[in-house]
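Please look over the model shown here. A short report on its fold and ligand surroundings is given below it.

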Amino acid sequence: MNIVSQVKENGIVGAGGAGFPTHIKLASQAEIVIVNAAECEPLLHKDKEILKQKTDGFLKGLKVMMEAVGAKKGIIGIKAKHQALIDYLKPLLDYNTELFPLGDFYPAGDEVTLIYETTGRIVKAGTLPISEGIVVNNVESILNMGFDGPVTTKFLNVAGYVKRLNTFEVPLGISFKEIIEYAEPTIADYAVLVGGPMMGRINDDLNEVVTKTTSALIILPIDHVLVTKYNIIESQKKVNKIGKSACDQCTICTELCPRYLLGHPIQPHQAMRSLLFSSEDGQINQSEPHTLYCCECNLCSFISCPEGLYPSTVCINHKRKAAADGVKYEGAIANKAHPLVDYRKTPTRRLKMMLDLNRFDDKGSLANFDVQPRHLKLLLKQHIGSPAKPLVKVKDIVSKGQKIATVVDQLGSEIHAPASGQVTEITDNYIKISI
Ligand code: SF4
Ligand code: SF4
């Protein structure tokens, strides 16, 4: 079996974001492989822990990936502030791989920003990194390529108000509840933020389970500023109503937008202007196709806007609608960096201060996860593309690593049993294994 088929067979997807199937990336030829080790959101540490504690597997995966795409060069983009880790990795790298020390700003890990920072190249709006001869992958997906077996576990951070502020490797399909109980929250009334502080979401059911893209569970007081912000952006009507009455078109959201600064046509203040044409119930009638180029980093809402408005939510809602309606952007595209791009980066320390995150211990060393779950619920859609179709029936006995669902030749990911046990339930959404 060739490497692309092997990666597909092992069910490897991007270990964060939308979970793009990795084998698709490997099918291209590229000049450069960039490892996204920026981990630019505060409180997240799992990638640094993988680089430190799973170095051999990571380096093997990087070699596999570079060979698969025929890359002549590898670049690991990691923040300069992690000097000890850089010093540790440097002597272990092949001659054709280098470490690129990134500044401590957000969103250094945005793919377009990372490529610009590490190579000076600009990925043109509406194109993929491969158009610049580049493939980007994150640390955990690369580790998974260095492991000769299917993906059945996930590395994630537990952060915020917990005793065990750690990175854990947990089985796929385990419930958030079991992980949080193990981490021991130190407050009674808490909300759980799934993912990083900037691009996460509030969880509303602790029975939700870990998938191949779950990167963090952050325990916060229910009145924390981030929880309040996430609760507001849940309501399109509320966001539009506040924005319509309070946006003064100062354009700061646009002037600090990382994609705008790299010449993409996104202009959040224009999306905010469209609210003037919204109806009483908050429905926007105007189309704003430039929002198709928003990377959803939330910088404009959580940091940039001096009025505390939510331009990113307005952009994202427009973006979804434009994509669903098949609307294309037909205006001018600069595709070159703004002359002030280097002076308009948002420092992480400012972000932490504004989001009241300075109070948390910023650590997350890899620790044992000493929990034996009785059931695992494997979602059939843990990735972009089509849901997988079960290959097993209720009452079947499965062994650890056995393939239990497949996407055949559709875009998506194969699913494997994280533990031996018996299949006790199959629905349209999941396969439950009792151990
Ligand atoms: S920064 Fe805020 S007030 Fe200024 S244009 Fe953007 S949304 Fe409006
Ligand atoms: S969320 Fe805001 S700052 Fe981020 S890319 Fe979209 S418009 Fe720009």
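The report goes from overall form to one sheet and then to two ligand shells.

**Overall form**

This is a predicted model. The protein has 15 helices and 18 strands. Its C-alpha trace spans about 60 × 50 × 45 Å along the principal axes. A compact globule of 435 residues would have a radius of gyration near 22 Å, and the protein agrees because its own value is 22 Å.

The domain assignment gives four entries: domain 1 (3-145), domain 2 (152-224 + 358-371), domain 3 (233-354) and domain 4 (374-435). Domain 2 is thus listed in two segments, 152-224 and 358-371. Between the C-alpha centres of domain 3 and domain 4 the distance is 39 Å.

**A five-stranded sheet**

One open sheet has five strands in the order S7-S6-S10-S8-S9. Its pairing is mixed. Which strands stand at the edges? They are S7 (167-171) and S9 (201-202). Each has a single partner strand, so one side of each lacks a neighbour in the sheet.

Helix H8 (residues 176-183) packs on this sheet. H8 touches S6, S7, S8 (190-194) and S10 (216-221). The direction of H8 makes about 65 degrees with that of S10.

S6 (residues 153-160) and S7 run antiparallel, joined by five bridges. Within this pair, Phe155 has Glu169 in S7 as its bridge partner.

**Two ligand shells**

Around ligand 1 there are 15 residues. Cys247, Cys250, Cys253, His269 and Cys305 come nearest. Helix H11 (252-255) and helix H12 (268-273) each supply at least two residues of this shell. The largest share, three residues, comes from H12.

Ligand 2 is surrounded by 14 residues. The closest are Cys257, Cys294, Cys297, Cys300 and Ser312. Two elements give two or more residues here: helix H13 (299-304) and helix H14 (311-325). H14 gives the most, with three residues.

The table sets out both shells by residue class.

| Shell | Nonpolar | Polar | Charged |
|---|---|---|---|
| Ligand 1 | nine residues | four residues | two residues |
| Ligand 2 | 10 residues | two residues | two residues |

Nonpolar residues thus number nine around ligand 1 and 10 around ligand 2.

Note on methods:
Residues numbered from 1 in each chain as written. Chains lettered and ligands numbered in written order. Predicted model: local features only at pLDDT ≥ 70, side-chain atom pairs only at ≥ 80, totals over all residues. Pairing = 2+ DSSP bridges. Helix = DSSP H or I, 4+ residues; strand = E, 2+ residues; numbered from the N terminus. Contact = placed C-beta atoms within 7 Å. Axes fitted to C-alpha atoms, helices over the stretch in contact; angles between N-to-C directions. Domains from an automatic or database assignment. Near = placed C-beta within 6 Å. Nonpolar A, V, L, I, M, F, W, Y, C, P; charged D, E, K, R; others polar. Rg over C-alpha atoms; globule rule 2.2 N^0.38 Å.
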